[in-house]
Amino acid sequence: VERELVPMARALGLAITPWAPIGAGILTGKYTNCDGSPKKVSGEDARYDKEGTQEFANLTAKKHEIATTVMEIAAEANKSAAQVAINWLRQESAIGSPVIPIVGARKASQVQDNLKACDWKLSDPQLARLNDVSKIDSGFPHDFFAKSMVKTFVYGGTRDLIDP
């Protein structure tokens, strides 16, 4: 989801329908070793090894770090990493807007696994870990208006312009 649309959706109470909740397999650990390093894959799973797809996937160290956290929580919860990723999005509904992930799968077993995400929830500490590891820079003008000096000068320090 484009980062500038989420605060707008929350402010207006609009539902968010993010696609690719498992990040084209990235959040399942398909491309990340348990230590957070990139995994060498082959066959049909090697789609990001092809020319041009590395750039498209933007498979950065940060994404491997996020995938590692998803895999750790999946192991703790005895659930699949895909279920953790889907629940992470579903449970974001608690912060203002309904979130309805658009899941996609190539196999019936993947669809069945994805649907099992509806049978359980992540704990608050698990959600906090996921949100911390994936926090993105809001960029201008959000970071500018979040500064206490700007809030104090413009609004007397009484109004938050950004959802923290």
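Is Leu12 buried or exposed? I looked this up first and noted that Leu12 counts as exposed, because its relative accessibility is 58%, and the cut-off for exposed is over 50%. I keep in mind throughout that this is a predicted model.

**Entry: around Leu12.** I placed Leu12 in helix 1, which covers residues 5–12. I then looked for its partners on the surface and found that Leu12 joins Leu5, Met8 and Leu14 in a nonpolar surface patch of about 360 Å².

**Entry: the whole protein.** I counted the secondary structure elements and recorded 8 helices and 0 strands, so that my reading from the N terminus on gives the order α-α-α-α-α-α-α-α. For the 164 residues of the protein, I noted that 32% are buried. I also looked up the exposed area, which comes to about 10,400 Å², with carbon and sulfur atoms supplying 57% of it. Turning to contacts with a separation of 6 or more, I found that residues 24 or more positions apart account for 64% of them.

**Entry: the core.** I looked up the largest nonpolar core and found that it has 19 residues. The residues with the most contacts inside this core are Leu27, Val70, Val84, Trp88, Leu122 and Leu130. I then asked which elements give two or more residues to this core, and I wrote down helix 3, helix 4 (81–90) and helix 6. Helix 4 provides the largest share of the core, namely 6 residues.

**Entry: helix 4 and Trp88.** Having seen the share of helix 4 in the core, I checked how far this helix is covered, and I found it mostly covered, with 8 of its 10 residues buried. The buried residues are Ala81, Ala82, Gln83, Val84, Ala85, Ile86, Asn87 and Trp88. Among the elements that cover these buried residues I noted helix 3, helix 5 (108–115) and helix 6. For Trp88 I listed the contacts, leaving aside residues up to four places away in sequence, and found that Trp88 touches Leu27, Ile66, Val70, Leu122, Leu127, Leu130, Asn131 and Ser134.

**Entry: salt bridges.** I searched the whole structure for salt bridges and found 2 of them. In one, the side chains of Arg129 and Glu72 meet at 3.4 Å, N to O. This pair links distant parts of the chain, with Arg129 in helix 6 (residues 124–134) and Glu72 in helix 3 (residues 61–77), 57 residues apart. The side chains of Arg129 and Glu76 also meet in a salt bridge, at 2.9 Å, N to O. Because Arg129 lies in helix 6 and Glu76 in helix 3, this pair ties together parts that are 53 residues apart in sequence. I therefore recorded Glu72, Glu76 and Arg129 as linked in a network of salt bridges, a salt bridge being a side-chain nitrogen of Lys or Arg within 4 Å of a carboxyl oxygen of Asp or Glu.

**Entry: cover at the network.** I finished by checking how far two members of this network are covered. Arg129 is partly exposed, with a relative accessible area of 30%, and Glu72 also counts as partly exposed, at 37% relative accessibility. I read both as partly exposed because the class lies between buried, under 20%, and exposed, over 50%.

Conventions:
Residues are numbered from 1 along each chain as its sequence is written. This is a predicted model: local features need pLDDT of at least 70, side-chain atom pairs count only at pLDDT 80 or more; totals for chains, interfaces and linings use all residues. Side-chain values use heavy atoms; hydrogens and water are left out. Patches are made of residues with over 30% relative accessible area and no salt bridge: like charges are joined within 9 Å, nonpolar side chains (Val, Leu, Ile, Met, Phe, Trp, Tyr) within 5 Å. Accessible areas come from the Shrake-Rupley method with a 1.4 Å probe; for residues, only the protein chains shown count as cover. Helices (H or I, at least four residues) and strands (E, at least two) are DSSP runs, numbered from the N terminus. Buried means under 20% relative accessible area, exposed over 50%, partly exposed in between (1.4 Å probe, protein chains only). Contact means heavy atoms within 4.5 Å. A nonpolar core is a set of buried Ala, Val, Leu, Ile, Met, Phe, Trp, Tyr and Cys residues joined through side-chain atoms within 4.5 Å.
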